[in-house]
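Student: I have a structure open in front of me and would like to learn how to read it. Could you walk me through it, feature by feature?

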Amino acid sequence: MVTPWFSNGSLYSYLSSDKVMDLSGRQGLLFDIASGLHYLHGKGVVHGDLHIHNILVDENGRACLTDFGLSVVLQDLPGTSYLKLSICEALRYADPELIRQVHVDSKLVYPTTANDIYSFGGLTLYVCHVRKTTI
């Protein structure tokens, strides 16, 4: 797979940089993320691993969803649960219902669009509350 270069890096590194960003810039990032999720969900695809390191920011300050490995792996590896594949960083943004279901039922659990929306809510809090904001 080949992807374009994103000079601003991940959402985490972009918001951690020295530049000050106003509220409308942050809303623009959230709009880009929401638009990406809307597109994926409209095609029947669940991202399943949405967090601050799986969103890249281009030279124009536009956010782009990346790392669809979990979606593909869950389809390709029967018997593999969500928690066996997720990274600790992603758990911060994971829907507790998804995690609880894995522990209680001991069944195969696949992320849903609702789980992606929960993760988007966590991203929204992060984007709106990280320092270096102007109003």
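Tutor: Gladly! Let's begin with a term we will need: a salt bridge is a side-chain nitrogen of Lys or Arg within 4 Å of a carboxyl oxygen of Asp or Glu. Keep in mind that this is a predicted model.

Student: How many salt bridges does that rule give here?

Tutor: The count comes to 1 salt bridge. The side chains of Asp 32 and Arg 62 meet in it, at 2.7 Å from N to O. The pair links distant parts of the chain, 30 residues apart: Asp 32 sits in helix 2, and Arg 62 in the loop between strand 2 and strand 3.

Student: Is Asp 32 buried or exposed?

Tutor: Buried means under 20% relative accessible area, exposed means over 50%, and partly exposed is in between. Asp 32 has 9% relative accessibility, so it counts as buried. Arg 62, at 46%, is partly exposed.

Student: What else does Asp 32 contact, leaving aside its neighbours within four places in sequence?

Tutor: With those neighbours left aside, Asp 32 is in contact with Gly 61 and Ala 63 as well as Arg 62.

Student: Let me step back to the whole chain. Which pattern do the helices and strands follow?

Tutor: There are 7 helices and 4 strands, and along the sequence they run α-β-α-β-β-α-α-α-α-α-β. Of the 135 residues, 39% are buried. The chain exposes about 8100 Å², with carbon and sulfur atoms supplying 59% of that area.

Student: And how do I read the contacts along the chain?

Tutor: Look at how far apart in sequence the partners are. Among contacts with a separation of 6 or more, 67% join residues 24 or more positions apart.

Student: Which residues have the most contacts inside the largest nonpolar core?

Tutor: The general idea comes first: in soluble globular proteins, nonpolar side chains tend to be buried together. Here the largest nonpolar core has 21 residues, and those with the most contacts inside it are Leu 11, Leu 15, Leu 29, Ile 33, Ile 55 and Leu 123. Helix 1 (11-16), helix 2 (23-42), strand 2 (55-57), strand 3 (63-65) and helix 7 (113-129) each supply at least two of its residues. The largest share, 5 residues, comes from helix 2.

Student: Could you show me one core residue up close?

Tutor: Try Ile 33, which lies in helix 2. Ile 33 is buried, with a relative accessible area of 0%. Not counting residues up to four places away in sequence, Ile 33 touches Leu 11, Ile 55, Ala 63, Leu 65, Phe 120 and Leu 123. Ala 63 is 30 residues from Ile 33 along the chain, yet their C-alpha atoms are separated by 6.3 Å. For another view, select Ile 55: with its neighbours within four places left aside, its contacts include Gly 9, Leu 50, Cys 64 and Thr 66.

Student: Now the helices. Why do buried residues recur along one side of a helix?

Tutor: An α-helix has 3.6 residues a turn, so residues three or four places apart point the same way. Helix 2 has 20 residues and reaches 28 Å from its first C-alpha to its last, close to the 28 Å expected at 1.5 Å a residue. In helix 2, Arg 26, Leu 29, Leu 30, Asp 32, Ile 33, Gly 36, Leu 37 and Leu 40 are buried. They cover an arc of only 150 degrees around the axis, which puts them on the same side of helix 2. On the other side, Phe 31, His 38, Tyr 39 and Gly 42 are exposed. Just after helix 2, Gly 44 takes a positive phi of about 75 degrees.

Student: Which residues of helix 7 are buried?

Tutor: They are Asn 115, Asp 116, Ser 119, Phe 120, Leu 123, Tyr 126 and Val 127. Their arc is only 140 degrees around the axis, which puts them on the same side of helix 7. The face turned away from that buried side carries the exposed residues Leu 125 and His 129. Helix 7 has 17 residues and reaches 25 Å between its first and last C-alpha, close to the 24 Å expected at 1.5 Å a residue.

Student: Where is Tyr 12 found, and which residues is Tyr 12 in contact with beyond its neighbours within four places in sequence?

Tutor: Tyr 12 is found in helix 1 and, at 39% relative accessibility, counts as partly exposed. Beyond those sequence neighbours, Tyr 12 is in contact with Ile 52, His 53 and Tyr 126. The C-alpha atoms of Tyr 12 and Tyr 126 are separated by 9.2 Å, with the two 114 residues apart along the chain.

Terms used
Residues are numbered from 1 along each chain as its sequence is written. This is a predicted model: local features need pLDDT of at least 70, side-chain atom pairs count only at pLDDT 80 or more; totals for chains, interfaces and linings use all residues. Side-chain values use heavy atoms; hydrogens and water are left out. Buried means under 20% relative accessible area, exposed over 50%, partly exposed in between (1.4 Å probe, protein chains only). Contact means heavy atoms within 4.5 Å. Accessible areas come from the Shrake-Rupley method with a 1.4 Å probe; for residues, only the protein chains shown count as cover. A nonpolar core is a set of buried Ala, Val, Leu, Ile, Met, Phe, Trp, Tyr and Cys residues joined through side-chain atoms within 4.5 Å. The expected span of a helix is 1.5 Å times one less than its number of residues. The arc is that of the directions from the helix axis to the C-beta atoms.
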